[in-house]
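Me: I would like to learn how to read a model like this one, moving from single residues to strands and then to the chain as a whole. Could we take the features one at a time?

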Amino acid sequence: IVTAVGETGLQVYKFGRITTLTRDVPKSVKDVILKNRRIGLHTLVLLDIGMDIGEGLGLLEDFLSDEGIDEIVVACKLGSDEPFVRYGRVDELRKTGKGKMPGVIIIPGELHFIEKEFLEGLRFS
């Protein structure tokens, strides 16, 4: 999955620690996101087995809002013939994720202008 995140247009070397989101939302998930953001790195959040993007975003929505994180990337089926990658607001993307597995949520850090341009082409509307 780490090499497949290149399909999102984000530069792989700008990813910090990776974390896994489970249904009990361990404190470590939030800690990893905050630490990576402090140093400008993207965070790859792997979703637990059987969890779709909508459920994952539902578990993180309040935390992301409280931290002022309003735009993220969601992706699933990376590396396949039918990858699904979207960029946008958390509340909008939550509606796109039903039934799409396996999936990941990416919390962008500081974006390079090339990353910004690429993500705009993936914007959910």
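Reply: Let us start with a single residue, bearing in mind that the model is predicted. His 42 sits in the loop that connects helix H1 (27-38) with strand E2 (43-47).

Me: Is His 42 buried or exposed?

Reply: The label depends on relative accessible area, and a residue under 20% is called buried. His 42 has a relative accessible area of 0%, and therefore counts as buried. Its side chain also has a polar partner, since one of its polar atoms lies 2.8 Å from the backbone nitrogen of Gly 109.

Me: Which residues form a nonpolar patch on the surface?

Reply: The patch consists of Ile 1, Val 2, Val 12 and Ile 18, which together offer about 310 Å² of accessible area. Val 12 is a useful member to examine, being placed in the segment that precedes strand E1 (19-21). Its relative accessible area is 38%, so Val 12 is described as partly exposed, a label for values between 20% and 50%.

Me: How should I read a strand, and how many residues of strand E3 are buried?

Reply: As a general idea, side chains in a regular strand alternate between the two faces of the sheet. In this structure, strand E3, covering residues 71-76, is mostly covered, with five of its six residues buried.

Me: Which strands are joined to E3 by bridges?

Reply: One of them is strand E4 (residues 84-89), which runs antiparallel to E3 and is joined to it by six bridges; within this pairing, Ala 75 stands opposite Val 85. Another is strand E5 (residues 103-107), also antiparallel to E3, with four bridges between the two, and here Val 74 is the residue that faces Ile 105.

Me: What pattern does the protein chain follow along the sequence?

Reply: Taking the elements in order, one reads β-α-β-α-β-β-α-β-α, and the secondary structure comes to four helices and five strands.

Me: What radius of gyration does the protein chain have, and what would a compact globule have?

Reply: The general idea is to compare the value with what the number of residues would suggest: for 125 residues, a compact globule would have a radius of gyration near 14 Å, and because the protein chain has 13 Å, the two agree. The C-alpha trace spans about 35 × 35 × 25 Å along its principal axes, and buried residues account for 45% of the 125 residues in the chain.

Definitions and conventions. Residues are numbered from 1 along each chain as its sequence is written. This is a predicted model: local features need pLDDT of at least 70, side-chain atom pairs count only at pLDDT 80 or more; totals for chains, interfaces and linings use all residues. Side-chain values use heavy atoms; hydrogens and water are left out. Buried means under 20% relative accessible area, exposed over 50%, partly exposed in between (1.4 Å probe, protein chains only). A polar contact is a pair of N or O atoms within 3.5 Å; within protein, one must be able to donate a hydrogen and the other to accept it, and residues adjacent in sequence count only if both atoms are side-chain atoms. Patches are made of residues with over 30% relative accessible area and no salt bridge: like charges are joined within 9 Å, nonpolar side chains (Val, Leu, Ile, Met, Phe, Trp, Tyr) within 5 Å. Accessible areas come from the Shrake-Rupley method with a 1.4 Å probe; for residues, only the protein chains shown count as cover. A salt bridge is a side-chain nitrogen of Lys or Arg within 4 Å of a carboxyl oxygen of Asp or Glu. Two strands pair if DSSP finds at least two bridges between them. The radius of gyration is taken over C-alpha atoms; the globule rule is 2.2 Å times the number of residues to the power 0.38.
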